[in-house]
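Got your viewer open? Keep the selection tool handy, and we'll walk through this chain one stop at a time.

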Amino acid sequence: MISRRTLLQLALVSPFAAVLHAGERFGRHSFVNSPTNIAPPLRLSRRWRGSVCESTLTNDGARPARIKEVVLFDLQLPLPTSTRLYGEGFQMLSQTGGTLAAPADLGNYTDAKHYQMPRPANSQAMYGMMILSPSPTDNHLLAFTSCRRFAGQFYLTDQSLKVVVDAEDRELQPGETWTLESFTYQSGADRERLLETLASQLVRNHPPLRFPTPPTGWCSWYCFGPRVSAQQVLDNLDFIAKHTPGLRYVQIDDGYQPAMGDWLETGAAFGGNVQGVLKQIRERGFEPAIWVAPFVAEEKSHVFQQRPNWFVKDSEGQPLRSDRVTFGGWRRGPWYVLDGTHPEVQKHFEQLFRTMKREWGCTYFKLDANFWGAIQGGHFHDPRATRIEAYRRGMKAIIRGVEDSFVLGCNHPIWPSLGLIHGSRSSNDIKRTWERIATTARQNLSRNWQNGRLWWNDSDAVVLTGDLPDNEFQFHATAIYASGGMILSGDDLTKISEQKLAMLRKLQPPTGVAARFDDDMFRVGRIDLSRRRQVVSLLNWQDTPQSISFRLARRCQITDFWSDASLGTHAGEFALEMPARCGRLLICH
């Protein structure tokens, strides 16, 4: 038990901390389908080690107990309703912003509305981590620092907050103890420092896959979609080789396969010979990259027709149609889900990716639709496994198959992917509209703290062709640079102008350093490239011109990154008039 003196010390620092540490009365567990109406005695134990709480749940009874969830903390928040909020989603496309009074979805494809993940009525659900900021200098971070077996969740309702471990109705046997996911609470004035500490805690529990630098490349999807042809890829390969050879990875996206799930076969787009295109990429001195959605298959695929026992099952023992429990898939659905707990599926994953690596020559794999690997509402080959374990076992088999290749997670469950990917897509798909440029920028920059610590962030393709005005393209390119992660061109480069090609070249190579922003408005961010060289990112999100200012730590010579124009030597406060929907990068020497 925590002492009264320690409680008093915590209360002086933060009344919120005192509530969190106050003792066992905040923990409880929900039962479902117990053999009788009398729940067996369960014991929830928690131990704080500094800012981290380690928890276990033990069944001290003589009967098994089926556990729906464990509520670690059930809190009334002693914070004003104007408190700013950020929370992660279970999967990549879901994030929460706004305030305690008015939480707001930052994307269109949310866990609850689009992926139909259950949550309590009239609540906002977040996963993995959340941060509450009553003011820019008063921040409260709550997060799960591991994700080995269970998803950690936060249910926000008005002024109450529940910190929950989702046990997925799994059975706790008599005498058995579950180690739950570890949890941390921290507070302080420096928001970025709190997130940096969280990253360190996550890395200790999930050592990341390391890749020396963020990859650069070209992606076929945003110019050619699923109808991409061999000639279109080769035409862009020719252009890249002549004009921008820094784009090392040439990625063939969705469209080469005849059916979702049949990844080693080839669709009509490549004349039945995708390997021939990959070979030409390699022979030109570039790295072949390919898109795969390993966990899903359509009903007409050979893998589904020949191996129905490999798939996650419904309550009747038949392959589970994903649209019965979640989103059914964006193309050629409804999808079915390969079961990561099945030993034959694990062998299949290893063989599939080892073939693509050794025989096809691929050294970069974009893994899409990974969310379905952790699908809710299904029955696994291993009945004791959770969906987190099913996903992680499948991913470990994939990692064995790809050997030393780069692995990018896309449409993936964020926390369950810790330690299993080199790169993490950090936003929705880009589109050539201002609305999508602005929303994806906010999604990406909200995850800047992850870049270079947990993995390299992939802010999705940079697109510089189309009908947008130059100021909006510059905003987009500035936000991509400020993310510090991967750079992939999404344009048909045979049609790019010299001006936009020059912008694309300036983005290469990526710095690997994400901007640290003054606050979650993402107007002023600083990228420290060396002791004497800093790049300042300025973003005007408004529809009207704005003056944006920032303070220089010392006297500096300032140069415009995009135009190379000198803006003179300055000290103290520096202000710049910004057109509407515009971004600037200033090099401060």
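## Stop one: a covered strand

Start by selecting Ala125, which stands opposite Tyr155 in β11. Keep in mind that what you're looking at is a predicted model. Ala125 belongs to strand β8, residues 124-127. Now add β11, residues 151-157: β8 and β11 run antiparallel and are joined by 4 bridges.

Which residues of β8 are buried on each side? Gln124 and Met126 are buried on one side, while Ala125 and Tyr127 are buried on the other, so both faces of the strand are covered. In a regular strand, side chains alternate between the two faces of the sheet.

## Stop two: helix α6

Next, select residues 274-283, which make up helix α6. Colour Val274, Gly276, Val277, Leu278 and Ile281, because these are its buried residues, under 20% relative accessible area. What covers them? Show α5 (230-243), β16 (249-252) and β17 (287-292), which are included in the cover. Before you leave, click on Gly285, which follows α6 and has a positive phi, near 90°.

## Stop three: a sheet of six

Now jump along the chain to an open sheet of 6 strands. Trace the order β25-β26-β27-β32-β29-β30, with antiparallel pairing. Where are the edges? Look for β25 (516-517) and β30 (566-570), each of which pairs on one side only.

Zoom in on β29, residues 556-560, and β32, residues 582-588. These two run antiparallel, with 3 bridges joining them. To see one of the facing pairs, select Thr559 in the viewer: Ile587 in β32 stands opposite.

Stay on β32 and pick Leu586. Is Leu586 buried or exposed? Its relative accessibility is 0%, so Leu586 counts as buried. Show its neighbours and you'll find that Leu586 touches residues including Val535, Leu538, Phe550, Ile558, Leu567, Phe574 and Leu576. Gln534, Thr559 and Asp560 are also among the residues it touches. For a sense of scale, draw a line from the C-alpha atom of Leu586 to that of Ala230: they are separated by 40 Å, and the two residues are 356 apart along the chain.

## Stop four: the helices alongside

Select helix α11, residues 470-483. This helix lies across β25, β26 (524-530), β27 (533-540) and β32, and runs at about 50° to β32.

Bring in helix α10, residues 434-446. The axes of α10 and α11 are 10 Å apart, and the helices pack at an angle of about 15°. That angle is under 35 degrees, so α10 is roughly parallel to α11. The crossing of α10 past α11 is left-handed. Show the side chains where they meet: Trp434, Ile437, Ala438, Ala441 and Leu445 come from α10, and Glu472, Phe475, His476, Ala479, Ala482 and Ser483 come from α11. By type, the residues of this contact are 8 nonpolar, 2 polar and 1 charged.

Last, add helix α12, residues 498-506. The axes of α11 and α12 come within 11 Å and cross at roughly 15°. These two are therefore roughly parallel to each other as well. Here, though, α11 passes α12 in a right-handed crossing. To light up the contact, select Asp470, Phe473, Gln474 and Ala477 of α11, then Gln499, Lys500 and Met503 of α12. Colour them by type and you'll get 3 nonpolar, 2 polar and 2 charged residues.

Conventions. Residues numbered from 1 in each chain as written. Predicted model: local features only at pLDDT ≥ 70, side-chain atom pairs only at ≥ 80, totals over all residues. Heavy atoms only, no water. Pairing = 2+ DSSP bridges. Contact = heavy atoms within 4.5 Å. Axes fitted to C-alpha atoms, helices over the stretch in contact; angles between N-to-C directions. Parallel < 35°, antiparallel > 145°, perpendicular 65-115°, else oblique. Left-handed = near helix turned anticlockwise from the far one by under 90°. Nonpolar A, V, L, I, M, F, W, Y, C, P; charged D, E, K, R; others polar. Buried < 20%, exposed > 50% of the residue type's maximum accessible area, 1.4 Å probe, protein only. Lists of a residue's contacts leave out its neighbours within four places in sequence.
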